[in-house]
Each structure stands twice: as structure tokens, then as C-alpha cells.
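Reader: I want the reasons behind the labels, not just the labels. Can you show me the model and take my questions?

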Amino acid sequence: MYRLADVKQALTNKTPPAAFRPTMGRKGWATGMPFLLPGLIGFALFFIWPFGISVGYAFLDRPVGGSFVGFANFADLLTNRAYLLGLTNTLRFIGISVPINLALSLGVAMLINKLPRHKELISLFFLIPLVIPSGSMVSFWHSLFALDGALNGFLHGFGIERINWLNSDLAMFVMVLIFVWKNLGYNMILYLAGLSSVPRDCYEAAWVDGAKPWQTFRHITLPHLMPTTVLALIMSIINSFKVFREIFLITGAYPHPSIYTLQHFMNNMFASLNYPRLTTATTILVAGIAIFTQVLLRFERKISA
């Protein structure tokens, strides 16, 4: 039996007494490891081991019988015009598409959360893009944005000249649109889960005090959604690299320079069997994502503390 003082301490302090802290003894490890071991073996065999080999290639001049060259591949990559173009476009795309996607996802989630009924049905509508294969949508996007496509035909009816959407600076707009269409439903579900965890008492107290909707959103909704926003931000950045499939199938290996991304660069290096440059770019990308993720998680813990 726990003492009353221990219970009060557990309820009032952020760090509960030792008696309330979850522990796992030898019996717990012995029971859980058989379930964890297959997944850990598969992850190590198909992810950790290949990535470790690729990191090793980044320090060699060639993959077969290569010599150690230190950081020469990294220095060469950072002066490569194609790589710098892909890096610049990728960062630009992330900086545009991710904030738009997060804002729209949160707005849609808040609207659905206020509906009295049919929430599940409307949510399902936004989740449909997640289950549609990328290849099946290529013909739709191409017929929509092609020079003689449906969108130009519609604009031409109003006397507007045809726009080369896929071979001009406006190609970035197409890329952002495809990303938002594909990923809005995923982040919307995350935000719906986060909104359901916001205490109702906080809103009621704000209404009693005469708080306006914007004040309620700023001081109650956003702070409670901070963990959800960090998770959605990380997943959006990771998913932003997956839009390459649609863009590659629509525009090919060498698209307009405004949408030439890191994925195009690495795909072309793989096609030309330039493994040292490919693995060097991969190593930098993985390291950058890992560092950025850790910074976000530390920031989220600091804010939530």
C-alpha cells in the first residue's frame, strides 16, 4: 500500500517518487525481447548495415578497390554545381511546402473538430490521397498541367495565354501542390488527435473570462499542440523527399532547374555509378535530418517542461 504523502507527491510533483516510476525487471526483458528481436534484426540487417557500408564509400575514391581519401569527397561535393542547385531547391521547397501544409492541416482539423457529426466521413475524404499509388496519378497531373492540358485549356477560354507549368519557374508551384495534396490528410489526423487531448476545462475557463477566439487559439490551443506540431513538422520534412516519385515520373531525370532536387542528383549519380558522390550526398542528408530532428525534439521538451 502507498502512503497518502506519496500519493500527494505523485500528483503535485513532475518527478514522481521511486515507487511510482515504471521499471522493467529481468522477467520483463525476458518476456519482451522475443517480440522485439525480429524487428531489431531486420532493422539492423536492412537499414543500419547498408547505411554503414554507404558511409564507408563516402570516404573512398571508388567503391571497388578504392583508397581512403578522407573528406575529399565532401569537399568536392560542396563545390559541385548540380549538388548545390539540388540542395538549394530542396531547402526552398521544404521552406514553402511544409509551412503551407502544416497551416492547412491545422485549419482543416479545427474545422472538422467543430463539426457536430460526420467527422469520420469527412476525414476519410482527406485521407484518400494517402492510399492512391503515385503512378496512377501521374497521368492526371500531366494532363492537368501539360502545355495542352486541361488547366491551360480552361485559362485559354478566358483569353489567357497558355502557361508551360512543368518547364518554367512555376514548376515549383506544381511540386508544392502535389505535396500538399498528398500529405494534408496525414497531418490533419495528427492534429485531430492533438485537439482531442486539449482539456475542455481550459476552453470553458477562457470563455468565462471573456477570451476572444484568437486569444483562445494562441494561449490554449497552440501550446497544447506543440508536441503534435513538432511531430507533424518532422514527418512533413521526411515526406517532402517522397514527392520526388511524382515529379520524376512527370518530368523525368532532368526537369526544369527550379525543381531539380537532391533526389534528382542522387538518382543521376546512381545511374552513372558514381557511388562515392552518391553516398557522400546521402551521408550529409541523413546527418542533417538527424541533427535537425534532435534540435526540434530538445526544443519541444524545453517548451513543454
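Author: What follows is a set of short questions and answers on salt bridges, exposure and backbone angles.

Author: This is a predicted model, in which local features need pLDDT of at least 70, side-chain atom pairs count only at pLDDT 80 or more, and totals for chains, interfaces and linings use all residues. Residues are numbered from 1 along each chain as its sequence is written, and side-chain values use heavy atoms, with hydrogens and water left out.

Reader: How many salt bridges does the structure hold?

Author: The count is 2. The term requires a side-chain nitrogen of Lys or Arg within 4 Å of a carboxyl oxygen of Asp or Glu.

Reader: Why is the pair of Arg277 and Asp76 called a salt bridge?

Author: The N to O distance is 2.8 Å. That is within the cut-off, so the pair of Arg277 and Asp76 qualifies. The two residues lie in distant parts of the chain, 201 residues apart: Arg277 in helix 14, Asp76 in helix 3 (residues 72–77). A helix here is a DSSP run of H or I with at least four residues, numbered from the N terminus.

Reader: What makes Arg62 and Asp61 a salt bridge?

Author: Their closest N and O atoms are 3.2 Å apart. The limit is met, therefore the pair of Arg62 and Asp61 counts.

Reader: Why can such side chains pair at all?

Author: Opposite charges can pair when the charged atoms of the side chains come close.

Reader: Why is Arg277 called partly exposed?

Author: Buried means under 20% relative accessible area, exposed over 50%, and partly exposed in between (1.4 Å probe, protein chains only). Arg277 has 21%, so it is partly exposed. Its partner Asp76, at 34%, is partly exposed too. In the other pair, Arg62 has 41% and Asp61 has 35%. Both values give the label partly exposed.

Reader: What makes Leu273 exposed?

Author: Its relative accessible area is 56%, so Leu273 passes the cut-off for exposed. Leu273 sits in the loop between helix 13 (262–271) and helix 14 (275–304). Its phi is positive, about 60°, although Leu273 is not a glycine.

Reader: What is the phi of His118, and where is it found?

Author: The phi of His118 is positive, about 60°, although the residue is not a glycine. His118 lies in the loop between helix 4 (81–113) and helix 5 (119–131).

Reader: Which residues does Cys202 touch?

Author: Cys202 touches Ile220 and His224, not counting residues up to four places away in sequence. Contact means heavy atoms within 4.5 Å. Cys202 belongs to helix 9 (residues 200–208). With 29% relative accessible area, Cys202 is partly exposed.
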